[in-house]
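Work through the exercises below with the sequence and the 3D view side by side. Try each task on your own before you read the solution that follows.

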Amino acid sequence: MVSISVKTETGKTSIFNYLSLKQCICIPITLILLMLSLTVPPASADYNFDGVPFTDQLDGIKQGIVKGGVYVDGGHGIGPSPYTQSFNVPVGVIWARLYVGVWGGNEEKTGNIAVTFNSEELKTLELEGEADTNSNVYCSGHGVYWIVYDVTENQATGSVDAVVTTSGTIDGRVYGVVLVAVIKEEDGTDAQEVQYWINEGNVNLHGPGWSGIYGTNDEAVAEFDGTIDVDKFVAARLSVVYLTGTPGLNDSLYFNDEKLCDGDNCDDIANSKQNFDFKTFNVIDYIEKEANKATFELGDEDYLHPVLAVLTVHGLEPEEETSCVYLGANIIPAVSIEVTPDMLNFGTLASGQTSSEHTLNISNTGAYTVAVTTDVTDTADNLYVSGLQLDFNIWNAYTTEITAGAAVDPVAVLDVPDSYTGI
């Protein structure tokens with residue numbers, strides 16, 4: 001086993017964790033939303049690599065008309081367990097769901113998730129990867145989970161926290177937490193009606209590169225069934241949530257065949273560095289009388305999971321328009337290196353033989369130049385102490401400096417000593 005220590009110029013070994021900060025500063029929105037609603041029975045939630053409950057669309061689970069609004073908020077990007085998300089919930093909740101995205105690591109790993117919401121413990125669930133049959137767990141791809149909790153009866157109003165704790169062999173990091181709530185205003189007027197649709201699921205959009213036998217799955221839709229009185233409603237909002245998006249890899253979002261843009265960005269909607277995207281678009285100019293839909297296109301993303309789409313159309317422009325400025329900063333550590341791969345197999349060798357060459361990649365992901373030296377911990381009768389070479393010299397002679405953002409690629413070989421008799 002080879003371990004590589006990083007030493008600063010002072011000679012002290014240091015370990016730093018990656019820190020990412022993202023904060024949304026928002027003025028709460030009052031969405032002007034007759035209490036007519038339809039809840040659709042859930043489809044099967046058994047694991048499927050390409051998507052759950054459907055491979056090509058999100059499931060329309062609730063729609064209706066209400067005098068009040070639809071509250072949609074949450075998410076600040078991937079982070080370790082326990083993971084806390086805060087909400088400011090309006091008065092008048094008549095229906096609410098809490099959504100949690102979790103990274104499993106792969107579809108074979110298993111674990112558990114425990115959630116408290118409004119200081120109440122929700123049901124602890126077993127996450128079973130490719131064997132998962134939980135009715136409220138959507139698992140697809142290589143262990144990407146979108147988990148749904150009905151929190152209508154939790155009496156959540158005002159400042160509310162959701163705390164997520166994961167355990168088991170799964171990776172366990174949380175992509176984000178989202179709350180969707182239908183709000184009824186008791187004194188609402190006819191002009192304050194809001195018609196709404198809520199679609200959920202976990203479609204795994206992917207190309208052929210990393211998916212092996214699964215081929216490609218490059219498009220999904222969210223359909224908003226029913227008719228709309230386009231002369232009555234004067235505003236419309238589409239909110240979408242993605243998991244696993246990568247900045248710099250193109251993907252597209254359409255509403256009724258009209259391409260949507262995030263400011264000047266029209267070709268990389270899922271562009272957060274935190275693998276979690278929650279975005280809202282003004283779509284009033286594209287609303288049709290019926291058969292409205294949103295279309296998610298993969299583009300050149302490796303994997304992309306659209307998991308939520310909420311459409312609301314309003315009789316009045318919202319009196320308190322949401323105004324959010326997302327503040328993001330990626331704070332890199334002063335000293336940090338990454339070494340890949342984390343294991344070398346030199347193969348089958350006898351005394352006096354030399355292995356084939358193996359290349360290590362040592363990247364400086366910190367802010368300062370680092371001096372790299374090596375140590376060997378050997379439990380094989382000094383096989384590696386005596387025989388390991390880096391760049392064709394004995395390992396303890398290896399030293400190098402790596403500037404910030406740079407990398408080196410030393411070659412490792414194992415020269416088994418002639419006298420070695422260990423097993």
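**Exercise 1: A charged patch**

Task: Decide whether Asp-225 is buried, partly exposed or exposed, and find the strand in which Asp-225 lies.

Solution: Keep in mind from the start that the model is predicted. Begin with the relative accessibility of Asp-225, which is 46%. Buried means under 20% and exposed means over 50%, with partly exposed in between, so Asp-225 counts as partly exposed at its 46%. Next, look along the chain, where Asp-225 is found in strand E18, a strand that covers residues 219–227. Finally, look at the surface around it, where Asp-225 gathers with Asp-56, Asp-218, Glu-219 and Glu-223 in a patch of negative charge.

**Exercise 2: The chain as a whole**

Task: Describe the secondary structure of the protein chain, and state what share of its residues is buried.

Solution: Start with the secondary structure, which comes to 1 helix and 34 strands. Then turn to burial: the protein chain has 423 residues, and 46% of them count as buried. As a last step, consider the accessible surface, which comes to about 20,200 Å², with 48% of that area belonging to carbon and sulfur atoms.

**Exercise 3: An open sheet**

Task: Work out which strands stand at the edges of the sheet with the order E27-E34-E30-E31.

Solution: First, read the order of the 4 strands, which form an open sheet with antiparallel pairing. At the edges stand strand E27 (358–359) and strand E31 (393–394), each of which has a single partner strand, so one side of each is left without a neighbour in the sheet. Strands of a sheet pair through backbone hydrogen bonds, and this pairing can be either parallel or antiparallel. Now follow one pairing in detail: strand E30, which spans residues 388–390, pairs with E31 in the antiparallel sense over 2 bridges. To place this pairing on individual residues, find Gln-389, whose bridge partner in E31 is Ile-394.

**Exercise 4: Salt bridges**

Task: How many salt bridges does the structure hold, and how accessible are the residues that form some of them?

Solution: The structure holds 5 salt bridges, and three of these can be taken in turn. Side chains of opposite charge can pair when their charged atoms come close.

Step one is the pair of Arg-173 and Asp-171, whose side chains meet at 2.9 Å, N to O. Arg-173 counts as partly exposed at 37% relative accessibility, and Asp-171 is also partly exposed, with a relative accessible area of 34%.

Step two is the pair of Asp-267 and Lys-259, which meet in a salt bridge at 2.4 Å, N to O. Here Asp-267 is partly exposed at 35%, and Lys-259 counts as partly exposed at 32%.

Step three is the salt bridge between Asp-262 and Lys-279, at 2.9 Å, N to O. This pair links distant parts of the chain, 17 residues apart, with Asp-262 in the loop between strand E21 (258–259) and strand E22 (276–282) and Lys-279 in strand E22. Asp-262 is partly exposed, with a relative accessible area of 34%, whereas Lys-279 has a relative accessible area of 13% and is therefore buried.

**Exercise 5: Apart in sequence and in space**

Task: Give the separation of Ala-407 and Val-339, both in sequence and in space.

Solution: Locate Ala-407 in strand E33, which covers residues 407–408, and note that Ala-407 is partly exposed, with a relative accessible area of 41%. Then compare the two separations: Ala-407 and Val-339 are 68 residues apart in sequence and 9.6 Å apart in space, C-alpha to C-alpha.

Definitions and conventions
Residues are numbered from 1 along each chain as its sequence is written. This is a predicted model: local features need pLDDT of at least 70, side-chain atom pairs count only at pLDDT 80 or more; totals for chains, interfaces and linings use all residues. Side-chain values use heavy atoms; hydrogens and water are left out. Patches are made of residues with over 30% relative accessible area and no salt bridge: like charges are joined within 9 Å, nonpolar side chains (Val, Leu, Ile, Met, Phe, Trp, Tyr) within 5 Å. Accessible areas come from the Shrake-Rupley method with a 1.4 Å probe; for residues, only the protein chains shown count as cover. A salt bridge is a side-chain nitrogen of Lys or Arg within 4 Å of a carboxyl oxygen of Asp or Glu. Lys and Arg count as positive and Asp and Glu as negative; His and the chain ends are not counted. The place of a charge is taken as NZ of Lys, CZ of Arg, CG of Asp or CD of Glu. Buried means under 20% relative accessible area, exposed over 50%, partly exposed in between (1.4 Å probe, protein chains only). Two strands pair if DSSP finds at least two bridges between them.
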